[in-house]
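Student: I would like to take a close look at one part of this structure. Could you walk me through how one chain meets its neighbours, step by step?

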Amino acid sequence: MGNALRFRDDAAHEEPAVTLDAFLGQTNATAVRLESDEDARKLIPQLGQLALIEIAFPKFRDGRGYSAARILREAGYTGELRAAGDVLVDQIPYMRRCGFDSFAPEADIDTAALERALSRYEHVYQKAADGRSPVWALRHG
Amino acid sequence: MKLLTGNDLKTGDVVWWTGSDWSRHVADAVDVDGHGEAIAAAEEAARRVNAPYVIDGEATPDGLRPGHIKDRIRALGPTVRLDLNIKPADPKAGSWVI
Amino acid sequence: MYKYDEYDQSIVDARVEEFRDQVERRLAGEISEDQFKPLRLMNGLYLQLHAYMLRVAIPYGTMDSRQMRMLAHIARKYDRDYGHFTTRQNIQYNWIKLEDAPDILADLASVEMHAIQTSGNCIRNTTSDQFAGAAADEVTDPRPWAELLRQWSTFHPEFSYLPRKFKIAIVAAEEDRAAIKLHDIGLQLYHNDAGELGFRVFVGGGMGRTPMVAPVIREFLPTQDFLSYLEACLRVYNRYGRRDNIYKARIKILVHELGAAEYARQVEEEWAHVKTLGLDPPPGEFERIAAQFAPPPFETGIADTVDRSDPDFAVWLDQNVKAHKQPGYAIVNISLKPVGGIPGDASSAQIDLMADLAETYGFDELRVTHAQNIVLPHVKKADLYTIWQKLVAADLASANLDLISDIIACPGLDYCSLANARSIPVAQKIAKRFEGLDRQRDLGELKLKISGCINACGHHHAGHIGILGVDRKGTENYQLLLGGSGAEDASLGRITGPGFDEDGVVDAIERTVETYRTLRTEGERFLDTYRRVGMDPFKEAIYG
């Protein structure tokens, strides 16, 4: 495992994440792990009880987790949203925009390179899940 | 025989393993026999080459000739721009490829 | 033309620094080639047969002279004095050094250009009609929407690791000059019966290993919400497109496997949700962009006739100059297909000359076409003869637009590491065989397209006559296809039968077109004759 990164002020959630099947079968878990081929929308009816959702990135090329993250944030989820697995420096800025606020990378992330990557773009073109104003909003106040 | 080839990491130039280093000329290549993959892994890890791979080659009266047309074109340059070849002054260069 | 504001510029400048950082980390060994590859590809940098290749974006194929001159400068300074214009309206350089790439991007950024998303499994450069803003038959200029698409797709956080690459094309005329039905998404602007402007949306076309003509997914999409609709199209694809097999990962396979109606239903369901999120820019943003595509200040009341007394000029005029919507003006097509040349290649000097012509005679605008030619979209008819003379002097006046020697060809095995066979020498032999312009003009419109492998960068499926190069036990072999079209009457070519060697395929093409000449009716194009009589007479003539 690499260095865990967290962009939240609250205390880290300690309960281990259960599988989606386990979560849907029992109603009191507060942490769940979604594999990349699992449907994030299945969590929506019970989002209120969740404090941690971990989304698997088996390979960095597998981009399904970006959509899963946005779907959860669009549904109002405010708990910890963690990207776990093959998570690399140059993917994290995109993941942040999709609503991830926690990272469990397989290999260590170079924190200096990450800091550069996260602060590099002053402006973005799209509205996404991170609350940044797209340039069209800045242009038209 | 087996030849080891790849591209220079910084410049992208096609290069051939000479036994101790990399050359842009296939004529400098050596038979890597069964050691190609090991050399490739070590050289790639040291960032002296990018995307190395082992190919079949043969010794001919005109020198070393890669077995597949793709690697012969890599060794020479585009057949439709002989002025950009590795040996632009050699009028026979194109005929060697096909 | 669209001009960057401070926001656009800051994003492109940041990209240069990001890529510089990524290259430094690669050269320092901090990231592996496996990790670096998708990063460099998302900036158009490939490792090709002879060196790195850089693909520079020319958004929807539109440039001004300053940008065109920068392309010549890059060819001169960092490459070998030429560039290759591609079927996606971009330009490629074949001899790039990795260590130079960040400086090249910085040079491009200085003229509001970039190489963002010209490769990789992301949304690529949006292509459009090369005659946009000038064509007599368009309902509106499609480029403001293409620019909205450019901005929306640039570094899209959700859609930068798609199952596979994603190509969008947009037109605004009934004549399809951008092959929209052979794209992942094709958009056609038109007015519905109520007189409202909207898009007909095609999804799931493409060439490659499994060619498909895109079905209509939505007959009419109002313009104001089109980005959220595309967001929904892409989200369904990103979630459910196949990732188990690279050859089945394009959206065409998803649409085919689900069925167009079911894919459309899923998109509508997603869109019902997505369009409530406020993702669409306000109308003012479209208006801001559209204002920059206002027509140039055309002169009115000028001569609408041309002196045709020079016979060579008259031939070029008839073949390469097209009708403009403004009286007194014309659209000039500059063919990059001289006999013996390399389709789509232009030297630095030729690129500079075309920039000069645009600046002096063409309201400073140039276009790249998907057929790998260059267009001066707004030229005064009175200047045509002068322009033609300058083109002649630069070997740019081939009067062969849409004729058999106006060949689309991928770089093939001369340059490309994916290729199985060379494309360019075949194109050169065909052009040579049909060298006489009288013979070519007698054959009429005949779109010949050559790919050096199944990936179909040379659009062989969409050629009236297509050629596919394959590797047969280590030797180059060429299959012949007939009956394809990338236009509004899109269709996929069929293979005639066993393949040929290089000279054999040229002979087979000659027999094919001679068969056409004996079978055609008055005014009938090759494609129309083929569609009327079918494959058999051609097969008999070829293999008989």
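Tutor: Happy to! Let's begin with a term we will need: a polar contact is a pair of N or O atoms within 3.5 Å, where, within protein, one must be able to donate a hydrogen and the other to accept it, and residues adjacent in sequence count only if both atoms are side-chain atoms. Keep in mind too that this is a predicted model.

With that term in hand, look at where chain C meets chain B. Across this interface there are 12 residue pairs in polar contact, both residues being at pLDDT 80 or more. On chain C, H1, strand S5 (91-96) and helix H13 (424-433) each supply at least two residues of the side that touches chain B. H13(C) gives the largest share of that side, three residues. Sorted by class, the side of chain C that touches chain B has 17 nonpolar, six polar and nine charged residues. Salt bridges are another matter: the count between chain C and chain B is zero.

How much surface goes into this contact? Chain C and chain B bury about 2,300 Å² between them, and 57% of that is on carbon and sulfur atoms. Three residues are worth finding on your screen: Leu27(C), Leu49(C) and His50(C) supply 21% of the area that chain C buries against chain B, more than any other three residues. In terms of residues, 32 from chain C are in contact with 24 from chain B.

Now turn to the other neighbour of chain C, which is chain A. Two pairs of chains are in contact, and of these, chains A and C share the most contacts. Chain A and chain B do not touch, and their nearest C-alpha atoms are 18 Å apart. The contact between chain C and chain A takes 48 residues from chain C and 36 residues from chain A. Together these two chains bury about 3,900 Å², with 52% of it on carbon and sulfur atoms.

Here salt bridges do appear: 13 are found across the interface of chain C and chain A. One of them joins Asp5(C) to Arg139(A), with the closest N and O atoms 2.6 Å apart. The same interface holds 28 residue pairs in polar contact, both residues at pLDDT 80 or more. Six helices of chain C give two or more residues each to the side that touches chain A: H1 (6-27), H2 (33-41), H5 (143-153), H6 (226-240), H8 (260-274) and H9 (283-291). The largest share, 11 residues, comes from H1(C). By class, this side of chain C has 17 nonpolar, 12 polar and 19 charged residues.

H1(C) also takes part in a contact inside its own chain. Chain C is divided into domain 1 (6-109), domain 2 (142-291), domain 3 (311-393) and domain 4 (409-543). The centres of domain 1 and domain 2 of chain C, taken over C-alpha atoms, are 26 Å apart. Nine residues from domain 1 of chain C and 11 residues from domain 2 of chain C make up their contact. About 890 Å² is buried between these two domains, and carbon and sulfur atoms give 61% of it.

One salt bridge is found across this domain interface. You can also locate Asp8(C) and Arg150(C), whose side chains meet in a salt bridge at 3.7 Å, N to O. Two residue pairs are in polar contact between domain 1 and domain 2 of chain C, both residues at pLDDT 80 or more. On the domain 1 side, H1(C) gives the most, with three residues. That side has five nonpolar, one polar and three charged residues.

Let's finish with a sheet in chain C. Five strands form an open sheet in the order S16-S17-S18-S19-S20, with mixed pairing. Strand S16 (408-409) and strand S20 (494-495) of chain C are at the edges with a single partner strand each, so one side of each has no neighbour in the sheet. Further in, strand S17 (residues 448-451) and strand S18 (residues 465-472) of chain C pair in the parallel sense over four bridges. To see this pairing for yourself, find Ser451(C), whose bridge partner in S18(C) is Leu468(C).

Terms used
Residues numbered from 1 in each chain as written. Chains lettered and ligands numbered in written order. Predicted model: local features only at pLDDT ≥ 70, side-chain atom pairs only at ≥ 80, totals over all residues. Heavy atoms only, no water. Contact = heavy atoms within 4.5 Å. Buried area = accessible area lost by both parts, 1.4 Å probe. Salt bridge = Lys/Arg side-chain N within 4 Å of Asp/Glu carboxyl O. Nonpolar A, V, L, I, M, F, W, Y, C, P; charged D, E, K, R; others polar. Domains from an automatic or database assignment. Pairing = 2+ DSSP bridges.
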